[in-house]
Protein chains: 2
Amino acid sequence: MRWIGDDAAVVRGRALAVTSIDTVAEDVHFDLRTHSPADVGWKALAQGLSDIAAMGARPGEAYISLALTPAFDAAQALELVRGAEELAEREGVTLAGGDVVRSSALVVTVAASGWADSERELVGRDGARPGDRIGVTGALGASGAGLLLSNGELEDVLEPSDRQALLRRHLRPEPRLRTGRALAGAGASAMIDLSDGLATDAAHLARQSAAQLTVRVAEAPLAAGVEEVAVAAGREPHEFAVTAGDDYELLVTVPPDRCDEAERSAAESSAPLTWLGEVGGGRGLVLVGPGGAPLIGLQGYEHA
Amino acid sequence: MRWIGDDAAVVRGRALAVTSIDTVAEDVHFDLRTHSPADVGWKALAQGLSDIAAMGARPGEAYISLALTPAFDAAQALELVRGAEELAEREGVTLAGGDVVRSSALVVTVAASGWADSERELVGRDGARPGDRIGVTGALGASGAGLLLSNGELEDVLEPSDRQALLRRHLRPEPRLRTGRALAGAGASAMIDLSDGLATDAAHLARQSAAQLTVRVAEAPLAAGVEEVAVAAGREPHEFAVTAGDDYELLVTVPPDRCDEAERSAAESSAPLTWLGEVGGGRGLVLVGPGGAPLIGLQGYEHA
């Protein structure tokens with residue numbers, strides 16, 4: 001295998017290559033007043049790996065390109081790459097290549113590759129069928145709450161430990177690679193990672209599957225401290241959690257006869273699965289509020 | 001196969017995946033006063049495909065990420081992608097995925113993938129051995145001369161047709177994919193694409209091969225009009241041609257007993273090969289000037 005130093009990286013392939021490319025830009029996706037260079041590198045890679053996770057693929061390699069401003073020095077650039085390497089090592093991913101150019105804005109792009117031996121191992125967004133249950137991994141709203149906290153407001157809302165945990169979920173989001181593979185193996189019919197928030201991403205999945213997803217928002221699991229932060233910010237906690245981005249949890253649909261297996265597999269991968277809805281025969285997304293009423297302002301959000 | 005619309009693209013893999021990631025940034029790699037959006041898309045893809053060409057791999061897919069300024073509108077973004085698609089179609093490459101984000105600078109990143117069935121099909125930078133001959137495809141200096149012309153100076157140096165040809169080589173550089181595969185199949189021992197200029201890229205190849213490359217600069221083939229433009233700009237034409245970037249020709253080393261075959265294969269792929277040096281047992285790069293003397297200012301350039 002050839003690596004850095006040649007025109008291109010050469011790695012062993014498998015039957016199917018699964019590839020995603022994702023970019024983060026300064027002051028749009030991160031803020032250098034709150035994100036360290038290492039956080040930026042971590043986040044750029046996490047985005048790409050989360051897409052690989054949502055396909056159920058096994059992670060392979062990542063390629064990182066840095067467009068650096070003159071103000072961003074070599075030590076910061078190295079720290080950025082080390083942040084990506086830290087996540088890569090944890091997830092068994094190889095940073096196999098890269099590029100560095102000058103630019104008038106700090107922009108980081110990651111191409112992430114995963115592999116599968118057959119199409120049966122993979123899960124798309126288009127397989128949700130009437131009768132399937134809808135589940136979500138982990139807990140929601142952490143990254144959004146961390147973003148609010150990182151702006152320096154809401155100082156006294158939380159204990160320092162909960163505060164730190166939410167900030168970390170914002171600065172160092174965790175792609176659900178093991179859980180994605182586990183759910184694919186347990187018969188998931190469709191899957192998507194929550195990058196834009198459950199309300200938006202569930203609508204994507206409904207559209208791609210040409211199905212109707214009914215999601216009971218009040219049953220969405222909230223990360224510790226999200227309720228307090230949302231209330232302090234004047235937001236309804238569950239609505240806040242399903243519209244906040246960058247959680248990188250997985251939204252999944254599972255046929256009824258595979259639900260026990262999916263629940264067990266997800267738990268074993270250390271990300272519990274919470275059921276919060278069903279797939280129906282119509283089209284689009286119905287978000288149901290606490291009293292069973294359609295949630296004002298969200299019903300039909302991005303309807304197919 | 002899944003394409004746009006899912007979390008990641010899924011394509012059929014082969015035994016070896018060859019991947020390069022390359023970025024171009026506004027006012028560093030291109031100038032929107034001279035480059036159309038389509039030129040930018042073309043150029044970003046050409047860079048990546050040129051790396052695939054230099055490995056001798058067969059081209060596969062490309063993934064394009066656009067970081068767009070508010071001033072760059074949707075029509076321009078579409079035109080940019082169409083420029084990349086135009087080159088992709090010509091070269092049998094599939095644009096399989098992408099990302100679009102906002103940014104305060106226009107930055108375009110392409111991850112290009114190629115494939116090979118075995119390592120024997122591929123050529124690195126590290127295989128040059130004493131006795132090998134050094135060849136270069138096509139003609140040099142066209143992109144550099146086109147850059148000078150695009151700045152609007154040197155108006156009357158050339159006939160319009162030569163002028164247009166040089167401008168086009170600057171705006172729409174052509175990766176040597178067929179020639180790269182042909183040379184790999186004809187026994188090339190090492191290969192690199194000329195992105196930074198022969199003087200710099202030959203030094204990379206010398207270093208990676210731990211060999212000495214002696215290149216007779218006066219034997220470098222010049223593109224039509226390069227001599228006139230260089231002279232008008234007060235530069236020695238061959239020195240200009242071997243230090244100008246973005247030609248995307250291939251520099252190759254070939255064992256003596258394969259030189260006829262390499263020459264024939266390159267010509268059949270429509271890029272003639274010109275021999276201009278030999279590999280020796282020392283280290284580094286020796287650029288020999290017209291009279292046989294080391295070229296002032298270039299000898300030992302980036303010595304290993």
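Tutor: Let's start with a term: two residues are in contact if their C-beta atoms, placed from the backbone, lie within 7 Å. This model is predicted, so to speak of a local feature takes pLDDT of at least 70, and side-chain atom pairs count only at pLDDT 80 or more, while totals for chains, interfaces and linings use all residues. Residues are numbered from 1 along each chain as its sequence is written, with chains lettered from A and ligands numbered from 1 in the order in which they are written.

Student: Which element gives the most to the side of chain B that touches chain A?

Tutor: Here 50 residues of chain B are in contact with 50 residues of chain A. Several elements of chain B supply at least two residues each, among them α1 (37-55) and β3 (58-68); helices (H or I, at least four residues) and strands (E, at least two) are DSSP runs numbered from the N terminus. With 9 residues, the top contributor is β2(B).

Student: How many residues of that side are nonpolar, polar and charged?

Tutor: Ala, Val, Leu, Ile, Met, Phe, Trp, Tyr, Cys and Pro count as nonpolar, Asp, Glu, Lys and Arg as charged, and the others, Gly among them, as polar. On the side of chain B that touches chain A, the split is 24 nonpolar, 14 polar and 12 charged.

Student: Which are the edge strands of the open sheet?

Tutor: The order of its 5 strands is β1(A)-β2(B)-β5(B)-β3(B)-β4(B), with mixed pairing; strands pair if DSSP finds at least two bridges between them. An edge strand pairs on one side only, which here holds for β1 (9-12) of chain A and β4 of chain B.

Student: Which residue in β5(B) stands opposite B:Val24?

Tutor: β2(B) and β5(B) pair in the antiparallel sense over 10 bridges. Opposite B:Val24 stands B:Val108.

Student: How do α3(B) and α4(B) lie to each other?

Tutor: The axes of helix α3 (residues 142-150) and helix α4 (residues 160-171) of chain B come within 7 Å and cross at roughly 105 degrees. Axes are lines fitted to C-alpha atoms, for helices over the stretch in contact, and angles run from 0 to 180 degrees between N-to-C directions. Angles under 35 degrees count as roughly parallel, over 145 as roughly antiparallel, 65 to 115 as roughly perpendicular and the rest as oblique. That crossing therefore makes the two helices roughly perpendicular.

Student: Which residues in α4(B) meet α3(B)?

Tutor: From α3(B), the residues taking part include B:Ala142 and B:Leu149. Their partners in α4(B) are B:Arg163, B:Leu166, B:Leu167, B:Arg169 and B:His170.
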